[in-house]
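Visitor: I would like to take a close look at a single part of this protein, and to understand how that part sits within the whole. Could you guide me through it with care?

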Amino acid sequence: YPDCSQPEADIIRIPARYLCFDPEDRVMRLRPLLQHLHTLQPARFDIVHIHTPFQAHRAGIHFARQHRLPVVETYHTFFEEYFHHYLPLLPRSWLRLAAREVSRRLENHLDGLIVPSPSIEQALRRYGIRIPIRIIPTGLNLTEFTPGDKKRFCHRHGLGSHRPTLVYIGRVAHEKNIGFLLDVVNRVRDRLPDVLLIVAGEGPATKELQRRTTRLRLTDNVAFIGYQQRGQQLWDCYAAGDIFVFASKTETQGLVLLEALALGVPVIATGELGAQDMLKDCGGALLVPSDVAGFAAQTLRLLCDPKLRRVLGENARMDASHWSIEQTTADLVAYYASLIEGGDSPATPLTNRGS
């Protein structure tokens, strides 16, 4: 993060370089990373936990093996559905095979792998990944959420607070399938001419989606409002939506779905990968097929039925309570302990060590 100049306790930040085809993402510089790792005292650590592939993955594996520490990684990104958006000139079948091979080669060198949902575990098993896999979703700190205010949000952005409103929050990237949501709004507009879709976030697909909005003559029905600061500003953005809409086909979990539920906003989402696992038993969400007509029909049904929206909103808060960070953190620490006790590392119990 270029604007992070203040030192932070127990955090070492590594310089990074931009990617020419996706300037929002960065790749950490290897030499500074290795220099920092060299200064660490291995005796202070019980386990290495990697969260990104490529440079960090290789460095983490090397550090763990060098100092006989167990190493685990969380699989956050379903690359099979990502690569073709950023390398469009290559055949999609080649890129799928490449993504599977990269994942297989990276992950089979670990002691354990964490995934946030059963669908991702099944996909990785099909790849040929043989190491132990544990399903531990990312939890929510439910105490940080305070009620949002739709009128305040709409006033801030010059939007009508009485319009039927859909909201999408997240990265504005090709793999998020936001173009699908534009097609949904185009159909819903036939019945509800003043429907509004709020797109909150930034990313490499923003300009293309804005051009598509213009081609579809949806400029009065879609508002691109950019990044929203986490906290009350973001909670107000969620609350601005009568429905939270989500059509990504690549999610390993979908934290924005949980946040919408925690704030009592009904969700309509396509039943894909981690989103399906997370929402299939939720009383505050509707899972729909990945077709525009079906998604639009359910959206119209919910927008035109305030009582149903109220019921789903009440259910949503109860759904979110099952995803507390206290529970998922306890699961993670228990998994750490099992790897430490089960390996041949000389680590001592977590309660007696540093990190």
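Guide: Let us begin with Arg191, which at 55% relative accessibility counts as exposed, because the cut-off for that word is over 50%. Please keep in mind from the start that this is a predicted model. Arg191 has its place in helix H7, a helix made up of residues 178–191, and when its neighbours within four places in sequence are left aside, Arg191 is in contact with Leu300 and Cys304. One of these partners deserves a second look, since the sequence would not suggest it: Arg191 and Leu300 are 109 residues apart along the chain, and yet their C-alpha atoms are 7.9 Å apart in space.

That pairing can be set beside a figure for the whole protein chain, where 67% of the contacts with a separation of 6 or more are between residues 24 or more positions apart. The chain has 355 residues, of which 48% are buried, and it contains 14 helices and twelve strands. The chain exposes about 18,200 Å², and carbon and sulfur atoms supply 53% of that area.

To see a contrast with Arg191, turn to Thr328, which lies in helix H14, residues 325–342. Thr328 has 8% relative accessibility and therefore counts as buried, the cut-off here being under 20%. With its neighbours within four places in sequence again left aside, Thr328 is in contact with Ile136, Pro137, Thr138 and Gly139.

Two further helices show how buried residues can be spread along a helix. In helix H5, which runs over residues 118–127, the buried residues are Ser119, Ile120, Ala123, Leu124 and Tyr127. If you look down the axis of H5, these buried residues fall within an arc of 130°, and so they line one face of the helix. Just after H5 comes Gly128, which takes a positive phi of about 105°.

Helix H2, residues 55–66, has twelve residues and reaches 17 Å from its first C-alpha to its last, which is close to the 16 Å expected at 1.5 Å a residue. In H2, the buried residues are Gln55, Ala56, His57, Ala59, Gly60, Ile61, Phe63 and Ala64. H2 is followed by Arg68, and the phi of Arg68 is positive, near 55°.

To return to the part where we began, Arg191 is an exposed residue of helix H7, with Leu300 and Cys304 as its contacts beyond its neighbours within four places in sequence.

How values were computed. Residues are numbered from 1 along each chain as its sequence is written. This is a predicted model: local features need pLDDT of at least 70, side-chain atom pairs count only at pLDDT 80 or more; totals for chains, interfaces and linings use all residues. Side-chain values use heavy atoms; hydrogens and water are left out. Helices (H or I, at least four residues) and strands (E, at least two) are DSSP runs, numbered from the N terminus. The expected span of a helix is 1.5 Å times one less than its number of residues. Buried means under 20% relative accessible area, exposed over 50%, partly exposed in between (1.4 Å probe, protein chains only). Contact means heavy atoms within 4.5 Å. The arc is that of the directions from the helix axis to the C-beta atoms. Accessible areas come from the Shrake-Rupley method with a 1.4 Å probe; for residues, only the protein chains shown count as cover.
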